[in-house]
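Trainee: I would like a close look at a single part of this model. Please take me through one helix and the residues it meets, then set that part in the whole.

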Amino acid sequence: MTLQIAKLSAAALAAVSLSACVSPPVGPSVLVLPGSRSDFATFQDDDELCLDFAAQRAGSSGKAQDAIVRDAAVATAVGAAAGAVIGAAAGDAGDGAAIGAGA
């Protein structure tokens, strides 16, 4: 029973530790639809204008997106490693690594 509590505690600690690797979204998170009195082409123009404005204000660039991809890859690798360690303690490192990587 004590071993199971230790395993669960280690898994919880790993999950909390890895949650620090989360990065903010790089795109819009609100669905926007065209108004009833505008055509789709006008909506697309307005949408592109708004996205460009938001990217300028947020300082979004190719470098920022590269950093986000790199951070996600590192977080996945760390998760897989932590999952493998925890899974090895439970007797199945392969499943632990897959779970830790988010598969």
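Mentor: Let us take helix α1, with Ala14 as the way in. Keep in mind that this is a predicted model.

Start with the frame. The chain has four helices and zero strands. Along the sequence the pattern reads α-α-α-α. Helix α1 covers residues 2-18.

Now the residue itself. Ala14 lies in helix α1. Its relative accessibility is 15%. Buried means under 20%, so Ala14 counts as buried. That is worth noting in this chain, where 6% of the 103 residues count as buried.

What does Ala14 touch, once neighbours within four places in sequence are left aside? The answer is Ala82 and Ile86. Take Ala82 further. Ala14 and Ala82 are separated by 68 residues in sequence. In space, their C-alpha atoms are 6.8 Å apart.

Stay on helix α1 and go to Ala10. Is Ala10 buried or partly exposed? Ala10 has 34% relative accessibility, so it counts as partly exposed. Buried would need a value under 20%, and exposed one over 50%. Pair Ala10 with Val85. The two are 75 residues apart in sequence. Their C-alpha atoms are 9.8 Å apart.

Set this against the chain as a whole. Count the contacts with a separation of 6 or more. Residues 24 or more positions apart account for 44% of them. The Ala14 contact with Ala82 spans 68 residues.

Next, the surface. The chain exposes about 7,800 Å². Carbon and sulfur atoms supply 65% of that area.

Charge deserves a look too. Asp39, Asp45, Asp46, Asp47, Glu48 and Asp52 form a negative surface patch. Asp52 sits in helix α2, which runs over residues 40-58. The relative accessible area of Asp52 is 42%, so this residue is partly exposed. A patch residue needs over 30% relative accessible area and no salt bridge.

How many salt bridges does a search of the whole structure find? It finds one. Arg70 pairs with Asp71 in a salt bridge. The closest N and O atoms are 3.9 Å apart; the cut-off is 4 Å. Asp71 has 35% relative accessibility, so it counts as partly exposed.

Back to helix α1 to finish. Ala14 is buried at 15% and is in contact with Ala82 and Ile86. Ala10, in helix α1 as well, is partly exposed at 34%.

Notes
Residues are numbered from 1 along each chain as its sequence is written. This is a predicted model: local features need pLDDT of at least 70, side-chain atom pairs count only at pLDDT 80 or more; totals for chains, interfaces and linings use all residues. Side-chain values use heavy atoms; hydrogens and water are left out. Helices (H or I, at least four residues) and strands (E, at least two) are DSSP runs, numbered from the N terminus. Buried means under 20% relative accessible area, exposed over 50%, partly exposed in between (1.4 Å probe, protein chains only). Contact means heavy atoms within 4.5 Å. Accessible areas come from the Shrake-Rupley method with a 1.4 Å probe; for residues, only the protein chains shown count as cover. Patches are made of residues with over 30% relative accessible area and no salt bridge: like charges are joined within 9 Å, nonpolar side chains (Val, Leu, Ile, Met, Phe, Trp, Tyr) within 5 Å. A salt bridge is a side-chain nitrogen of Lys or Arg within 4 Å of a carboxyl oxygen of Asp or Glu. Lys and Arg count as positive and Asp and Glu as negative; His and the chain ends are not counted. The place of a charge is taken as NZ of Lys, CZ of Arg, CG of Asp or CD of Glu.
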